[in-house]
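Reader: I am new to this structure and would like to be walked through it with a few questions. Could we begin once it is on view?

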Amino acid sequence: MAARAEPLPRLSGGSPGASIAQGLATAYLSLIVILPLAAIVWNASSDGRSNLWNAVSEPQAVAALKLTLGVSAAVCAINAVMGTAIAWILVRDRFPGQRAVNAIIDLPFALPTIVAGLTLLALYGPQGPVGVNVAFTRTAVLLALLFVTLPFVIRTVQPVLLELDRDMEEAAASLGAHPLAIFRRIVFPNLLPAILSGVALAFARAIGEFGAVVLISGNLPFKTEVASVYIFGRIESGDPSSAAAVSVLLLAVSFGVLLVIGAVRRWTTRHDDS
Amino acid sequence: MAPVCLVFWRAFEHGVGPAWDAVTTPSARHAFQVTLLIAAVAVPANTVFGVICALAIVRRRFPGKGIVNALVDLPLALSPVVVGLAFLLLYGRQGWFGTWLDKHDIEIVFALPGMILVTIFVSLPFVVREVVPVLREIGTEQEQAAATLGASPFQTLRRVTFPAIRWAVGYGVVLTTARALGEFGAVSVVSGHIVGKTETMTLHVEERVQSFDYVGAYAASVVLALLAIATLLAMSMFKPKEGV
């Protein structure tokens, strides 16, 4: 969401270097991204649509998918509120150690997910120092997902908040608007696209998370088993086609999320142009 | 930060000696080497491709550009387990290329090449995503000027374009490296968990936990956490200079 440049005049025809770049990029993408994804979709649909449906509607798969979507939705709701609040504090307030806090926000991103999982197990597990043992419960799944998705909303809202003109808020305040009204009528509409794309990214991350969840959730079928762990289990027990079926579902959700982010991006650019 | 401190504390709870012994066991050392090797292949590959792909996305108009754009982002949104499964279905024994690979005695899945491929997949978007906005912002005027003055496309790239995007590339490389070193889910699916052969640092942590060797797990985690902190430092070094 940085400053957008004017639409560029493009080189008509383009240099030969650019066409080589285009060719190379397409080839690399096809080999690394398209081919494997094609394999999944093909494998899931090769046994016919009824088999795909059977694999997805398996009770254990349904339970895993329900849990994943439910917890991810909760994570998104919490992140939307807390992420915006943290971004607000980081941009508008001054306090000692602010730079350090700002750097630590990225830690869940930089920390390998398995280490994140182990850390949470150490903290909230049976021998944790805080005395709450949530290991192998749904709360644990929620905590793990909250940890890994923490940076997304903050990092999308922060730059927008930095650029936001304070004149409008001051004008509203001088006209006697209540701080709450200022937030609701002026700040929030400006932040909404950033919050939405942050939430979408967090959602995509949450439904696919594996490393952070696998240690602390206990992976009890029908209780704490999330979709990616279920897929992993199917692969391990030599049943790749039902693994592929559930994977296709996750793939479709991921693609949908990317489309939403793209739509939000276009929507904000339209606002800029007017 | 508290959770990370806890890991450090747990690792050194019984003194530095046992922790040091735990990270210098042959299997831990080997896991560390495997991780570094994978990153050493994946990061340069994605850096070169990332710059090329960013150039193609920003400077060219071609049919299907929107799709290319979405495909570059997909690894960010996709579950790592699904990525692993995709490569398994391609190169595994029953996969598309399985019989051919079997005949020629080439191992991809449950061996290093497969682990490198999935790592390339999951760390693919970072350089592209950092370089694209910078390329948009600098525009083409300088490049056109260079071309008018008789510079070859290659010279233009090296002398004009690259200096402008080098900070963005650097930032992207840091993110790519962090992701490559820390990948777990995708690597876990295709590695086959062969201790001392296809075990990375992250898989080693899990394997230690499963065998109730918490000192070993925490000690290996400390190594990974230190790498993460180094990444954060590198990120804050590159960040203010972004877009110069």
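**Helices, contacts and one loop residue**

Author: In this predicted model, the elements of chain B, read from the N terminus on, run α-α-α-α-α-α-α-α-α-α-α-α-α.

Reader: How many helices and strands does chain B have?

Author: The run of elements in chain B, taken from the N terminus, is written with α throughout. Counted by kind, chain B has zero strands and 13 helices.

Reader: How is helix 3 of chain B oriented to helix 8 of chain B: roughly parallel, roughly perpendicular or oblique?

Author: The axes of helix 3 (residues 26-59) and helix 8 (residues 125-138) of chain B come within 8 Å and cross at roughly 40 degrees. Angles under 35 degrees would count as roughly parallel and those of 65 to 115 as roughly perpendicular, so helix 3 of chain B is, relative to helix 8 of chain B, oblique.

Reader: Which kind of residue, nonpolar, polar or charged, has the highest count on the side of chain B that touches chain A?

Author: The contact brings 64 residues of chain B together with 59 residues of chain A. On the chain B side, eight are charged and ten are polar, while 46 are nonpolar.

Reader: Does A:N133 count as buried, exposed or partly exposed, and why?

Author: A:N133 lies in the loop between helix 6 (113-124) and helix 7 (138-163) of chain A. A residue needs 20 or more neighbours within 10 Å to be buried and 12 or fewer to be exposed; because A:N133 has 13 C-beta neighbours inside 10 Å, this residue counts as partly exposed.

Terms used. Residues are numbered from 1 along each chain as its sequence is written. Chains are lettered from A and ligands numbered from 1 in the order in which they are written. This is a predicted model: local features need pLDDT of at least 70, side-chain atom pairs count only at pLDDT 80 or more; totals for chains, interfaces and linings use all residues. Two residues are in contact if their C-beta atoms, placed from the backbone, lie within 7 Å. Ala, Val, Leu, Ile, Met, Phe, Trp, Tyr, Cys and Pro count as nonpolar, Asp, Glu, Lys and Arg as charged, and the others, Gly among them, as polar. Helices (H or I, at least four residues) and strands (E, at least two) are DSSP runs, numbered from the N terminus. Axes are lines fitted to C-alpha atoms, for helices over the stretch in contact, and angles run from 0 to 180 degrees between N-to-C directions. Angles under 35 degrees count as roughly parallel, over 145 as roughly antiparallel, 65 to 115 as roughly perpendicular and the rest as oblique.
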